[in-house]
Amino acid sequence: MKVGFTLPQFHKQAFEVERAAEFARETERAGGASLWVGDRNLAAVHPRIGYGGRGSTIPVEMNPAADPFVLLGVAASATESVLLGSHVIVAPLYPPVQLARSLTTIDLISGGRLLPGFGIGWSPEEFEAAGVDFTRRGARMDELLDALEAIWTTDPAAYQGDQLSIPLHHAPLKPVRRPRPPIYLGAFSERALRRVAERGDGWLPVCTVPSWPDVDGLVQQRALIDRLARAAGREPSAIDSVLRVNMDAGASTDEVAAVIKAVRERTDIRHVMVDTMYSDESVDQSLQRASDILTAVQKG
């Protein structure tokens with residue numbers, strides 16, 4: 001089982017962002033397989049929709065948020081072998097040319113270790129701040145995937161859709177991996193899971209320890225992806241999965257290790273990433289947590 005960890009990006013760890021390179025190096029040295037970022041354009045004071053599309057509140061831990069692209073660039077230059085992923089970038093917030101440029105640069109710096117993960121987002125205020133129509137974010141995501149395909153695989157490159165228009169332009173700078181980096185997609189709803197099945201190179205599910213491990217739900221969602229993939233003429237085994245394990249405040253290393261063991265035994269998921277935003281308030285705590293979890297998983 002590959003185990004990765006989030007970079008110091010949110011909550012109190014964001015105020016130690018100058019230690020991101022140190023965290024990346026030490027986590028790689030301890031045996032971590034990957035390093036990850038999330039995305040928070042802003043956390044509205046009076047949100048119309050709450051975290052994850054539910055309720056009407058956003059956790060205070062998300063109020064401070066460091067830039068995901070900068071963090072991945074720092075981690076890329078500080079490490080040699082770990083994968084560098086986003087779980088997830090709210091892709092429809094970004095112009096496709098700028099998104100492609102940032103991700104291509106990170107991939108080149110890292111020597112081809114980028115694992116870009118995208119989601120459509122749930123915060124209307126984030127889209128308002130970016131000048132993007134929140135209600136059409138799903139359709140924009142579909143066009144964005146087409147636009148990235150064009151930018152990453154052709155030169156000159158261009159794209160024309162209902163929402164996105166990119167003029168023909170020189171695009172000689174390409175990511176290391178060809179024809180492009182694998183694109184992973186976060187998904188919960190049937191519509192989003194269908195997008196994974198039809199278009200994704202990977203799926204980015206989520207569980208929370210200990211409040212919502214939901215291994216049964218993971219099994220059911222993955223089965224739906226597999227059925228939809230076959231219906232679309234795709235081989236399900238070509239679609240990878242990386243599970244995000246969010247640690248509740250007060251969660252223990254043993255609880256996380258137990259869930260990872262259950263996931264390994266009951267699913268085909270062989271890569272997890274652990275988010276310590278809620279459980280650890282400092283980079284030192286998060287580094288120790290990573291070491292402890294890696295040791296526990298290896299023993300299990």
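**Close-up 1. Cavities in the predicted model.** How many cavities of 30 Å³ or more turn up here? The count for this predicted model comes to two. The largest has a volume of about 80 Å³, and the second largest has a volume of about 40 Å³. The next two views take them one at a time.

**Close-up 2. The lining of the largest cavity.** A set of 13 residues lines the largest cavity. Which of them lie nearest its centre? They are Thr6, Leu7, Gln9, Phe10 and Asp275. By residue class, the lining of this cavity divides into six nonpolar, five polar and two charged residues.

**Close-up 3. The lining of the second largest cavity.** Here you will find Phe118, Gly119, Ile120, Met141, Leu185, Gly186, Ala192 and Arg195 around the second largest cavity. Strand 6 (117–119), strand 9 and helix 6 each supply at least two residues of this lining. Sorted by class, the residues come out as five nonpolar, two polar and one charged.

**Close-up 4. Helix 6 and its neighbours.** Helix 6 spans residues 190–199, and its buried residues are Ala192, Leu193, Arg195, Val196 and Ala197. Ala192 and Arg195 also belong to the lining of the second largest cavity. What do the buried residues of helix 6 pack against? Their partners are two helices, helix 5 (137–153) and helix 7 (215–231), and two strands, strand 9 (184–186) and strand 10 (202–204). A handy reminder for this view: an α-helix has 3.6 residues a turn, so residues three or four places apart point the same way.

**Close-up 5. The seven-stranded sheet.** Follow the strands across this open sheet and you read the order 5-3-2-1-14-13-11, with parallel pairing. Strand 5 (114–115) and strand 11 (206–209) are the edge strands, each pairing on one side only. Within the sheet, strand 13 (residues 243–247) and strand 14 (residues 271–275) run parallel and are joined by four bridges. Look for valine 245, which stands opposite valine 274 in strand 14.

**Close-up 6. Two helices lying across the sheet strands.** Helix 2 (residues 68–78) lies across strand 2 (34–37), strand 3 (83–86) and strand 5. Its direction makes an angle of about 160 degrees with strand 2. Helix 9 (residues 283–299) lies across strand 1 (2–6), strand 13 and strand 14. Relative to strand 1, helix 9 runs at about 165 degrees.

How values were computed:
Residues are numbered from 1 along each chain as its sequence is written. This is a predicted model: local features need pLDDT of at least 70, side-chain atom pairs count only at pLDDT 80 or more; totals for chains, interfaces and linings use all residues. Side-chain values use heavy atoms; hydrogens and water are left out. Buried means under 20% relative accessible area, exposed over 50%, partly exposed in between (1.4 Å probe, protein chains only). Contact means heavy atoms within 4.5 Å. Two strands pair if DSSP finds at least two bridges between them. Axes are lines fitted to C-alpha atoms, for helices over the stretch in contact, and angles run from 0 to 180 degrees between N-to-C directions. On a 1 Å grid over the protein atoms alone, a cavity is a set of points where a 1.4 Å probe fits but cannot get out, and a pocket is an open set with protein on both sides within 12 Å along at least five of seven lines; lining residues have an atom within 4 Å of a point. Grid points are joined across faces, edges and corners, and a volume is the space filled by probe spheres set on the points. Ala, Val, Leu, Ile, Met, Phe, Trp, Tyr, Cys and Pro count as nonpolar, Asp, Glu, Lys and Arg as charged, and the others, Gly among them, as polar.
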